[in-house]
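Trainee: Could you take me through one part of this model closely? I would like to see how the sheet sits among its surroundings.

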Amino acid sequence: AFRVCHAYVDQVMAALRALAAEPDVRIISITGYRPGRTRGPVVGGMRTWFSNHSYGTAIDINASFNGLYDRCDVLRVSPSTIRRCHLRLGGRWDPKVNPRETITDEGAIHREFTKFWRWGGAIRGATKDMMQFSITGY
């Protein structure tokens, strides 16, 4: 079980119902609301911003197949561009090896969750959070 902000419960449930009918999708794990979760620059040994997870406005799907990468300043993530990036957390993103669990911008998981949130695999900058969907993508 996982929790999200009440404002998104219906949309998240509709997305999950649609994905349950997809034979080429396998959702193994979802992490939602995480109180106190932080992100951003470190000042005095502590991160300075609350994460979207702290507000229940983000979820991580299949983290063991959709890692968080840094040093990944690429326009579009692909199996060839991800090799230049540094895996920081979670599992290696490889849609060829794990097609049912991996999130891609052409897949059903992406299609359903980007109806109302942004995908962390498409955010600007050198970080790509392949597991995450949130109100900002970050």
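Mentor: We start with the sheet and then move outward to what lies around the strands.

Keep in mind that this is a predicted model. Four strands form an open sheet, in the order 1-4-9-7. The pairing is antiparallel. Look at the edges next. Strand 1 (30-31) and strand 7 (118-119) stand there. Each has a single partner strand, so one side of each is left without a neighbour in the sheet.

Now take strand 4 (58-61). Two bridges join strand 4 to strand 1, and the two run antiparallel. Find Thr 31 and look across: the residue opposite, in strand 4, is Asp 60. Strand 4 also pairs with strand 9, over three bridges. That pairing is antiparallel too. Here Ala 58 stands opposite Ser 134 of strand 9.

Which way do the side chains of strand 4 point? In a regular strand, side chains alternate between the two faces of the sheet. Ala 58 and Asp 60 point one way. Ile 59 and Ile 61 point the other way. All four are buried.

Follow the two isoleucines. Ile 59 and Ile 61 belong to the largest nonpolar core, which holds 27 residues. They are among the members that touch the most other members. The others in that group are Val 12, Ile 109, Phe 113, Trp 117 and Phe 133. Strand 4 gives two or more residues to this core, and so do helix 1 (9-20) and helix 2 (108-113). Helix 1 supplies the largest share, four residues. In soluble globular proteins, nonpolar side chains tend to be buried together.

Pick out Ile 109 for a moment. Leaving aside neighbours within four places in sequence, Ile 109 is in contact with Leu 19, Val 25, Ile 27, Ile 61, Ile 103 and Phe 133. So you meet Ile 61 of strand 4 again in the contacts of Ile 109, where contact means heavy atoms within 4.5 Å.

Phe 133 leads to the aromatic rings. One aromatic cluster is formed by Tyr 8, Phe 113, Phe 116, Trp 117 and Phe 133. The structure holds five aromatic pairs.

Next to Phe 133 in the numbering is Gln 132, in strand 9 (residues 132-134). Is Gln 132 buried or exposed? Gln 132 is buried because its relative accessible area is 3%, under the 20% limit. What does this polar side chain reach? A polar contact of 3.1 Å joins the side chains of Gln 132 and His 53. The side chain of Gln 132 also reaches the backbone oxygen of Tyr 138, at 2.8 Å. Now widen the view, again not counting residues up to four places away in sequence. Gln 132 touches Ala 58, Ile 59 and Asp 60, among others. The list also includes Arg 118, Trp 119 and Gly 120.

Step off the end of strand 4. Asn 62 is found in the loop between strand 4 and strand 5. Asn 62 has a positive phi of about 50°, although it is not a glycine. Asn 62 is buried, with a relative accessible area of 0%. Set Arg 71 beside it. Arg 71 also has a positive phi of about 50° and is not a glycine. This residue lies in the loop between strand 5 and strand 6. Arg 71, however, is exposed, with a relative accessible area of 60%.

Stay in that loop. A disulfide joins Cys 72 to Cys 85, with 2.1 Å from S to S. Cys 72 and Cys 85 both lie in the loop between strand 5 (68-70) and strand 6 (86-89), 13 residues apart. The link is right-handed, with 60° about the S-S bond. Both cysteines are buried. The count of disulfides comes to one.

One last stop is the loop between strand 6 and helix 2, where you find Thr 102. Thr 102 is buried, with a relative accessible area of 7%. Its side chain reaches the backbone oxygen of Asn 98 at 2.7 Å. The backbone oxygen of Asp 94 lies 3.5 Å from a polar atom of the Thr 102 side chain. Not counting residues up to four places away in sequence, Thr 102 touches Phe 65, Asn 66, Trp 93, Asp 94 and Pro 95.

How values were computed:
Residues are numbered from 1 along each chain as its sequence is written. This is a predicted model: local features need pLDDT of at least 70, side-chain atom pairs count only at pLDDT 80 or more; totals for chains, interfaces and linings use all residues. Side-chain values use heavy atoms; hydrogens and water are left out. A nonpolar core is a set of buried Ala, Val, Leu, Ile, Met, Phe, Trp, Tyr and Cys residues joined through side-chain atoms within 4.5 Å. Buried means under 20% relative accessible area, exposed over 50%, partly exposed in between (1.4 Å probe, protein chains only). A disulfide is a pair of cysteine sulfur atoms within 2.5 Å. A polar contact is a pair of N or O atoms within 3.5 Å; within protein, one must be able to donate a hydrogen and the other to accept it, and residues adjacent in sequence count only if both atoms are side-chain atoms. Rings of Phe, Tyr and Trp (its six-membered ring) pair if their centres lie within 6.5 Å; planes under 30 degrees apart count as stacked, over 60 as edge-to-face and the rest as tilted. Two strands pair if DSSP finds at least two bridges between them.
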